[in-house]
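Reader: I'm in my first year and I'd love a close look at one part of this protein. Pick a spot with charged side chains, please, and then show me how charges are placed elsewhere.

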Amino acid sequence: FLISTYNKMWKDAQRDLNIQLQREKDFPQPEKDRMKVFEMLATSYIKYMQIFQNLEMAHDQLTHQQKRTIIRQVLDGVIGRILEVKKEMVELEHTEFHYMINILEDLKLIPQNIEVPIPRYFIKDRLEILQQREKTLDEILINAGLITEKPVEVMTFAEAIKVIQVAERARQGRSRAAHIKKSYLREKRRKQMKAEDQTSPSPNPNDAAICIQKAWRGYIQRKKTKKMREEEKVFLGLRSTPPLPKKRVLQTYEGYVKPLQGEVQERNEEAFKDKLKETEGLYFKETLQNEIEQCFIECRHVVGKFPDYPAEEAGGSKSILSDTTPEQVAEKLAAKKMMELQKKDEKEKKGKDDNKKEKPKEKNPQKSEKKEEGWKMTPSNFLSIMEEGDYQYKAFWHNRDKRWDFLQDFDPEMIKDKKREEVEEEIRVQVDETMKEKVANLKLAMDGDQGDKKKKEKKGAKVRAASWRGTREPNLMSLVCRTIDSLYRELVEERLLIKAETVNLHDYIGKYNYVGTPPHLVNIGPMPSLGDIRQLIALYGILPLGSQTVHEKAPLVKALLLAGPAGVGKKMLVHAICTETGANLFNLSASNITGKYPGESDVRMMLHMVLKVAKQLQPSVVWIGETEQVFSKDAAKDEKMSLKRVEKMLPEFLKAVKPPDRVLVVGTTNRPFDANIKPFCKFYQKIILIPRPDYGSRFSKYFMLWKHFIWQNGGEITSSLNFSCLAKVSDGYTQGAIVQAVRAVLSELRLLQMNRKPLRTSEFMAPLATQDPVYREEEAAFQ
């Protein structure tokens, strides 16, 4: 049942993807109507998001490894395409927050249907590595004395025996008491029945049936009455808490499915590899050696001498084995040289000053023509990936029914095709090692070519000397010789690499804004809701960091700024990014780095260490808390020098992060208006304003902050709590203020009194009044 369910989910997702790919080809370009363009982009975004949700669920639940491989490829393509469409929408509307309620209504959807799911393979595929890294981090912290282990109370042998004896005697006493009570009740019933038999005539079966009917009808009626009373309370608004949903069927079997799923998904494929080596390895090795020998002999006839054997970095024997003949190879080389000479001649002609002055004049009419033409979709890096995945699905899995295969075994022919490439690559590397020696001996015997080696050795020595001379600073020279483990240990001991708190993105509770205004109707963009913030963190922070393919090809966001009043959850979102992706967390907050690396060379060394470890152990998040102090003019004299050095070197740090490096810089600030605005906004590519929670987030059926925090701190929800009143009174307060008020009320003593003294609304008023609200002037300054 489960296999067919998720196979159908995958099938539906592939069908929707095929339709969406056809629509991508039919996009009218160029298009001058901006509203029409936005509707097309928003519709594509919603459709891709639904495909993403179905593919992610199917990928996580299906156990067939070959199916999961194809789904993973398509899943990465869909994620990347969502990020590209989001970028197009931002450039079109010049805002990060979009009003799509009308489009959702047309598609019969609600905002929860486009909630960004977090792929579970981000953590599952690296679970062992993350567990080992966490264990290493704890060991370093304990050895450095930064945290202390909880003392373990060790009891003596006699004390352990005494505890066991007390527990066993108590168990026997309870068992004996239960047995005596059972015997007493049995004897009492026997005596009552004996007395009734003596006084009453023979029992009537109809009376027994009537007695059972009375009991059953009374039970059913009480159950119906209780249900009707609860529904009436919800309808009249007397009860704000709806009844809990029934447990899903899938949750019932989840405990049985998960262990089997994990075993099947991690099934070893090496057996297929070993069989291929035995059956096809020797034949492929001999064939490859003969081809390489023939190629080198033919090249010597054409060129006049044996060519150098290609290095492994250049592809080894792959680079010389192709369908082309030696004559064609020589023609290609000659054509390349001719192209290089032509490019040099063109550069010399363009070097005149008159041509440089005339260039900008020629560009202006082209720009105006582009503006008149209208909007055009930028080329996508992920359409080819999705089309390839769609083709593989149609070719292999569309009409293949494997529901009968309960264990979801591998398809032997498909796994052989996949493993054959790996086997051939391993054998090719072995053949390259033997053929290098053979070709070198032939060159010595026939050509006597030894001069090239000496030249290469001299060049290599010069390059090494130049690289060592380039590192002028002794600190950076010392870093070259250090291992990643030693750098990791130093960063942990200096508290620059910290342990991220375990918090998920869905723990950041907030509702979408249903009454937002489209940006083209107002001068200023709409005030974001907490649901929008959660979505942006997933799109810009979590999805690119979790997948290497997505990070390399999607629009790159290196630096992200979270700005908002104190208590809105900026720090929580940073930890959520690390939790969802398994990323390392580097703390470069102003208060944390002050005084640790005072000199200019020390600051450079610190950033170099952070970057080196972050790239090596990616994904990584570099958190700059209180980031306005780094870019501030009004810092204290002692702090100003070190922070000013950090400010100057941060752009270089960001420039060193390349697309393959899954490193994200996240800044948090509650006073962005105190920073030097020009370098501040230039450094951060994306700036996200996090507002205080609105009424919908404080009081809602699904996103109720008050209810969630009371539950989280051990409180019980009763009808005496008026959540609507609490939501209205807490207008202007942040999530942090609400949490502090709830914790102040729910002390240990109050939790003990919960059964006989239910919580009341008035208890939260006084603690809430002690918190600082967000005033309108501060909110206007943030906007």
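Author: Helices (H or I, at least four residues) and strands (E, at least two) are DSSP runs, numbered from the N terminus. With that in hand, let's go to K658, which sits in the loop between α25 (637-655) and β5 (663-669). Keep in mind that this is a predicted model, where local features need pLDDT of at least 70, side-chain atom pairs need 80 or more, and totals for chains, interfaces and linings take in all residues. Numbering starts from 1 along each chain as its sequence is written, and side-chain values use heavy atoms, leaving out hydrogens and water.

Why is K658 called partly exposed? Its relative accessibility is 43%, between buried (under 20%) and exposed (over 50%), with a 1.4 Å probe and protein chains only. K658 teams up with K655, K678 and K682 in a positive surface patch. (Patch residues have over 30% relative accessible area and no salt bridge; like charges are joined within 9 Å, nonpolar side chains within 5 Å.)

Now for the opposite sign. D33, E39, E105 and D106 make a negative surface patch. One of its members, E39, belongs to helix α2, residues 34-61. E39 is partly exposed too, at 43% relative accessibility.

Other charged side chains have found partners. A search of the whole structure turns up 23 salt bridges, each a side-chain nitrogen of Lys or Arg within 4 Å of a carboxyl oxygen of Asp or Glu. Stay with α2 for a moment: R120 pairs with D60, and their closest N and O atoms are 3.5 Å apart. D60 is in α2 while R120 is in the loop between α4 (101-106) and α5 (121-124), so this bridge ties together parts 60 residues apart in sequence. The two ends don't share the same cover: D60 is buried at 2% relative accessibility, whereas R120 is partly exposed at 34%.

What about a pair inside one helix? R81 and E84 meet in a salt bridge at 2.8 Å, N to O. They are three residues apart in helix α3 (residues 65-93), about one helical turn. An α-helix has 3.6 residues a turn, so residues three or four places apart point the same way. Both R81 and E84 are buried.

A third bridge joins E134 to K499, with closest N and O atoms 3.5 Å apart. That one links distant parts of the chain, 365 residues apart: E134 is in helix α6 (residues 127-143), and K499 is in the loop between β1 (497-498) and α19 (530-546). E134 is partly exposed at 41% relative accessibility, and K499 is partly exposed as well, at 38%. Bridges can also share partners, and that is how K8, D12, R15 and D16 end up in one network.

To finish, step back to the whole protein. It has 33 helices and six strands, and 38% of its 783 residues are buried. For contacts (heavy atoms within 4.5 Å) between residues at least 6 apart in sequence, 83% join residues at least 24 apart. As one example of packing, helix α28 (residues 705-712) has L705, W706, K707, F709 and I710 as its buried residues. Those buried residues pack against α27 (695-698), α29 (723-729), α30 (735-745) and α32 (765-769). After α28 comes G714, whose phi is positive, near 95°.

Notes
Accessible areas come from the Shrake-Rupley method with a 1.4 Å probe; for residues, only the protein chains shown count as cover. Lys and Arg count as positive and Asp and Glu as negative; His and the chain ends are not counted. The place of a charge is taken as NZ of Lys, CZ of Arg, CG of Asp or CD of Glu.
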